[in-house]
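Dear colleague,

Please find below the structure that I am handing over to you. My account of what was found in it follows directly after.

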2 protein chains.
Amino acid sequence: MGPGTPPTAAELGIMVGSPPGRVVDLAAWDKGPDNRWAFQHIGEIVPTAVVSRGGDMPRAMAVGDEDLSPVVADDGGSAVSLEKVLRRTYTDGFIVLHRGEIVCERYFNGMGPNTHHLLMSVSKSVVGALIGVFVDDGRIRPESPVVQYLPEMANSPGYADATVRHVLDMTAAIEFSEEYDEPDSEVVAHERAMGWRGGSSVAERGLYAFAQTIGRVDRPHGDLFHYASINTDVLGWIVERVAGRRFVDVMSDLVWSRLGAEHDALLSVDHRGSAVVNGGFCMTLRDLARFGQMMLDGGRANETQIVPPEWIDDIRSGGDNAPWRPTAYAEVWPDGCYRDQWYATGDDHGSFFAIGVNGQHLWIDPTTRVVIVKFSSQPQSVDEGMAALSLRALEAVARSFRLSEVDASR
Amino acid sequence: MGPGTPPTAAELGIMVGSPPGRVVDLAAWDKGPDNRWAFQHIGEIVPTAVVSRGGDMPRAMAVGDEDLSPVVADDGGSAVSLEKVLRRTYTDGFIVLHRGEIVCERYFNGMGPNTHHLLMSVSKSVVGALIGVFVDDGRIRPESPVVQYLPEMANSPGYADATVRHVLDMTAAIEFSEEYDEPDSEVVAHERAMGWRGGSSVAERGLYAFAQTIGRVDRPHGDLFHYASINTDVLGWIVERVAGRRFVDVMSDLVWSRLGAEHDALLSVDHRGSAVVNGGFCMTLRDLARFGQMMLDGGRANETQIVPPEWIDDIRSGGDNAPWRPTAYAEVWPDGCYRDQWYATGDDHGSFFAIGVNGQHLWIDPTTRVVIVKFSSQPQSVDEGMAALSLRALEAVARSFRLSEVDASR
């Protein structure tokens, strides 16, 4: 363990021994250092449902070879190697696909190729992709009011007059603070409703009851990008309602069983069995990379059209920059937007990505044909320095691949 | 739904709706009717760990064809068809392999080929097979005292002077009543320690602490077959101690990742992360059949020797009939025994089997080369009528296959 390398869960003695002397604290499992262990063992912490991989053979991924050691990221003016970025930012797993081939695959902190890891809000983008299937077949219309699908939401000040589009693009003018460290913030109550904080009356009523209590702020829906995790759970609820089935089963049938995944995914469920889709997916590194590759390939994988190509286009270039413009995100990606639960950078590569707290990343560069997944267990939910450094490193990796004629002609 | 066919979870409205109107009662999830749903969704009820299938391709199983409709079982003198037995005994899944080919595969009550189902005490026999790997490499000696591996057990009146052999064969003279319906029985306290009954101080301390409280009865160890679930958890603890790793990881490395399984297995863990090996495995029907086939094939599967053949021989014919003779089991199988966490019938086919409460069965007939798995969600933990009828049906199915010259020469 060199300087700048955080200790592993095993080095910290977390869940070591039989029985373990030091167990994970349920009140703080998702913060450091307990999350060094917990993010790889979510089913032992909170209730989880299985998102089945189905019965098909896993789709093999070719393994290529690429030396990424020359890649450096800009750390406030000084260059830092990819290796150092990975270590400094509490990486658990890191994989790079180039044209569908694994060109780099690294594991840290006890993780391995068959370990499930929590996606946190990268989950939101998985849900956003699934929504496209329902938009394509007409069962969900983004322009429709939320209450058309969920009449219960007429009781919700925040959502009573919102459309699905507002929810998808996180421009609903709801009263919801995403401040994880403020005990009175809505996101902390949200976590209780998800069942991520142990028992409480909020937990007993569950996620969908909580969604009906969300307040409204005084501006029109649609005007401002306002990131609020509860929006994604509203989408999950709509999916269950229009499909007439549990979210996990829909997700397995329409996406996960068609992807050629090696492993079942897991999905956190609340105390009433409703899926915690805003952040509760657990997948192996390679399986999330398979998902990312499908998104890069216009929604196709395993010789199957999984997500409609029009929906992928909508994610990549259908968004509106205006609600994004007043936010801090615009300082990094002035032409970006948040669309269908994805971040579209608006950069010259057309890169789009998913991101989750504590250092979860899925980065897709359609120009160099690169997909990158990074799983981490950073101590804080939001560490802006680590997030910025990680994003610069992912971008540098993606841009380190030269464009072939094939790529350039696409 | 015909007469004699129990209603499905969906027909009962259990976990139907978004959010569901009727959720599973945590105090009684393993009894009818909630177990109709719960046995297929264990990760949503209790904490579970992943037993990874590894990264290899699943081993395909050929599908043959066999008409089992002429098979009848003896139901107290009258003949009853296999179909009726399956329906009457709350079957969720039923599969028959003959010479490794699937010749019958049936699902009921919402189960499908990719659904995990709780094994209950069939889990014990899975553990018994794993122990053979450690006996073979010398890390576990059946003749050694338990305290050699678990010095903590010097505090346990029940186990302080028992050997691993007593634990393996369930002849330890411990004070442990397996009466599920008696609130003061040890098995009910055991379930609390497993985390299967919600929070309690027993649950907080966990399974291994509970194992140290087990009392002694006044007879020599080894004299009587006395079925007690806690014995298997003692074996799980020994495995963790000698391997220096968590049980789930050992199980994955030595067995599950080598079997060609289609799916990760799940395993219930207690509040301190210790594996509930006496009853907490969840597997798909086909994957448990793959495991059974490996046991039939002398411990080999997927071109790999997984369990040593000597250990399979020990299970099948190494046991002692004397401790079994005074029990009710001897009325059915007079020459039988309980060996290494398996039931050996001592019948003319050399059949051996695993069984779990609420109707879980793994039946292996080495003479006709048949493996049968039956998953069920019977209302009561122990229904002697259903258990007897099921066993007669499994035996009738296994004996319905004629011996080929190949089989006869084995």
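A cavity, as the word is used here, is a set of grid points where a 1.4 Å probe fits but cannot get out, and a lining residue has an atom within 4 Å of such a point. Please bear in mind throughout that this is a predicted model.

Enclosed space

By that definition, the structure holds four cavities of 30 Å³ or more. The second largest has a volume of about 90 Å³. Its lining includes B:Met120, B:Ser121, B:Glu178, B:Tyr180, B:Val187 and B:Glu191. Also among the lining residues are B:Met194, B:Trp196, B:Ser229, B:Asn278, B:Gly279 and B:Val357. By class, this lining divides into six nonpolar, four polar and two charged residues.

The largest cavity encloses about 110 Å³. Of the 17 residues that line the largest cavity, A:Met120, A:Tyr180, A:Glu191, A:Trp196 and A:Asn278 lie nearest its centre. Helix 6 of chain A (residues 186-194) provides the largest share of this lining, with four residues. The lining of the largest cavity comprises six nonpolar, seven polar and four charged residues.

The interface between the chains

The size of an interface is often given as the accessible area lost when the parts come together. Here, chain B and chain A bury about 2,800 Å² between them, with 49% of that area on carbon and sulfur atoms. B:Ser18, B:Glu44 and B:Arg272 supply 22% of the area that chain B buries against chain A, more than any other three residues. In terms of contacts, 37 residues of chain B meet 37 residues of chain A.

There are 22 residue pairs in polar contact between chain B and chain A, counting pairs with both residues at pLDDT 80 or more. On the side of chain B that touches chain A, strand 1 (48-51) and helix 9 (230-243) of chain B each supply at least two residues. The residues of that side are divided into 15 nonpolar, 13 polar and nine charged.

Two salt bridges are found across the interface of chain B and chain A. In one salt bridge, the side chains of B:Glu44 and A:Arg246 meet at 2.7 Å, N to O. B:Glu44 is thus named twice in this account, being also one of the three residues that supply 22% of the area buried by chain B.

Salt bridges overall

Side chains of opposite charge can pair when their charged atoms come close. Over all chains, the count comes to 56 salt bridges. Within chain A, A:Arg216 forms a salt bridge with A:Asp161, and the closest N and O atoms are 3.3 Å apart. A:Arg216 lies in strand 8 (residues 215-216) of chain A and A:Asp161 in the loop between helix 4 (146-149) and helix 5 (164-168), so this pair ties together parts that are 55 residues apart in sequence.

Backbone geometry

Most residues other than glycine have a negative phi, and most peptide bonds are trans. I would draw your attention to the following exceptions.

- A cis peptide bond joins A:Gly32 and A:Pro33, with omega about -5°; A:Pro33 is in the segment before helix 1 (35-38) of chain A.
- The peptide bond from B:Gly32 to B:Pro33 is also cis, with omega near 0°; B:Pro33 is in the segment before helix 1 (35-38) of chain B.
- A:Asn358 has a positive phi, near 60°, and is placed in the loop between strand 15 (352-356) and strand 16 (360-365) of chain A.

With kind regards

Technical notes. Residues numbered from 1 in each chain as written. Chains lettered and ligands numbered in written order. Predicted model: local features only at pLDDT ≥ 70, side-chain atom pairs only at ≥ 80, totals over all residues. Heavy atoms only, no water. Contact = heavy atoms within 4.5 Å. Buried area = accessible area lost by both parts, 1.4 Å probe. Salt bridge = Lys/Arg side-chain N within 4 Å of Asp/Glu carboxyl O. Polar contact = N/O pair within 3.5 Å; in protein donor to acceptor, adjacent residues only side chain to side chain. Nonpolar A, V, L, I, M, F, W, Y, C, P; charged D, E, K, R; others polar. 1 Å grid on protein atoms, 1.4 Å probe; cavity = no way out; pocket = protein on both sides within 12 Å on 5 of 7 lines; lining within 4 Å. Points joined across faces, edges and corners; volume = space filled by probe spheres on them.
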